[in-house]
Amino acid sequence: MNEIVPVLRAVDGGTAKLMPDVDRERAWLLTVDGAPQSYVDLDDPTHLEFEYVRRLGHVVDCAAQEGAPLSVLHLGGGALTLPRYVAATRPGSRQDVVEADAGLVALVAEHLPLPDGSGITVHRADARAWVEAAAPDSVDLIVADVFGGSRVPAHLTTVSYARAAERVLRPSGIYAANLADGAPFTFLRSQLATFAEVFTELALIAEPSVLRGRRFGNAVLLASRSPLATGALARRTASDAFPARVEEGGGVARLRGDAVPVDDASAKPSPEPPEGAFTVG
């Protein structure tokens with residue numbers, strides 16, 4: 001039997017490494033410059049290892065009736081963990097994945113290929129440019145998980161970008177973004193203010209210790225023109241192996257405070273994570 005060994009390759013964003021999981025036969029961890037990007041189990045695409053990806057999975061689960069196909073636009077590809085999950089749990093879904101890193105796209109296609117008939121199409125392009133050119137009212141869900149290194153690029157944080165995303169979503173569609181911040185939440189608060197300029201419904205999913213400012217971590221921002229299924233989401237996230245809390249209404253307003261929306265002229269990327277926050281050995 002051939003030993004499965006790590007794969008190391010230079011990609012556009014740095015040095016990518018695929019490491020096999022000794023506990024799961026065909027599972028892999030993808031890192032770029034030591035920062036975890038994706039975890040994929042090729043034999044079980046419903047297995048979601050990372051906490052924030054599990055929360056995005058809950059969003060997918062609550063986005064429509066169980067098993068119903070969705071039209072999904074993924075901004076940021078990594079190893080395509082969430083697209084594989086959607087394809088497995090909602091057969092017949094149409095999914096477009098936009099990933100700017102051509103080297104990473106090639107690495108994943110070579111070593112972690114998609115199954116035939118997955119309904120997933122990967123595009124090498126800039127996320128904002130793709131959104132601005134996409135057809136209006138064309139998708140049910142936009143998932144934004146775009147990081148340049150360990151930071152959300154500035155051009156994906158503005159009111160103009162939020163308006164472009166809103167235009168692409170169907171009336172009941174959901175925008176879900178993986179963000180990262182820590183106290184005093186300058187970046188996260190600005191994103192709540194920015195998306196509140198465009199969407200009438202906002203919610204936030206995060207671990208309580210992150211929301212209390214005890215550590216730097218991920219938060220999933222949800223935005224929609226229609227009421228969000230926050231009750232179902234709260235039940236799923238609270239009972240997860242990695243429990244999280246859903247904030248909405250007054251909780252979101254309190255966190256936002258006096259933050260103001262971000263325009264293209266003032267936009268900055270998300271903060272640099274503290275050393276060791278997202279690295280693996």
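**Close-up 1. E51, a partly exposed residue paired with R55.** In this predicted model, E51 is partly exposed, with a relative accessible area of 29%. Its salt-bridge partner is R55, and the N to O distance between the two side chains is 3.5 Å. R55 itself is buried, at a relative accessible area of just 6%. Both residues sit in helix α1 (residues 51-62), and because they are four residues apart there, about one helical turn separates them.

**Close-up 2. D140 and R170, a salt bridge between two strands.** Here the side chains of D140 and R170 meet, N to O, at 3.1 Å. D140 belongs to strand β8 (residues 139-144) and R170 to strand β9 (residues 169-181), so this pair ties together parts that lie 30 residues apart in sequence. R170 counts as partly exposed, with 29% relative accessibility.

**Close-up 3. D258 and R189, an exposed residue joined to a buried one.** The closest N and O atoms of this salt bridge are 2.8 Å apart. Look for D258 in the segment after α9 (249-256) and for R189 in helix α6 (residues 186-196); the pair therefore links parts that are 69 residues apart in sequence. D258 counts as exposed at 65% relative accessibility, while R189, at 18%, counts as buried because the cut-off for buried is under 20%.

**Close-up 4. R24, D41 and D44, a shared network.** In this view, salt bridges with partners in common join R24, D41 and D44 into one network. For the wider picture, the structure holds 17 salt bridges.

Conventions
Residues numbered from 1 in each chain as written. Predicted model: local features only at pLDDT ≥ 70, side-chain atom pairs only at ≥ 80, totals over all residues. Heavy atoms only, no water. Salt bridge = Lys/Arg side-chain N within 4 Å of Asp/Glu carboxyl O. Buried < 20%, exposed > 50% of the residue type's maximum accessible area, 1.4 Å probe, protein only.
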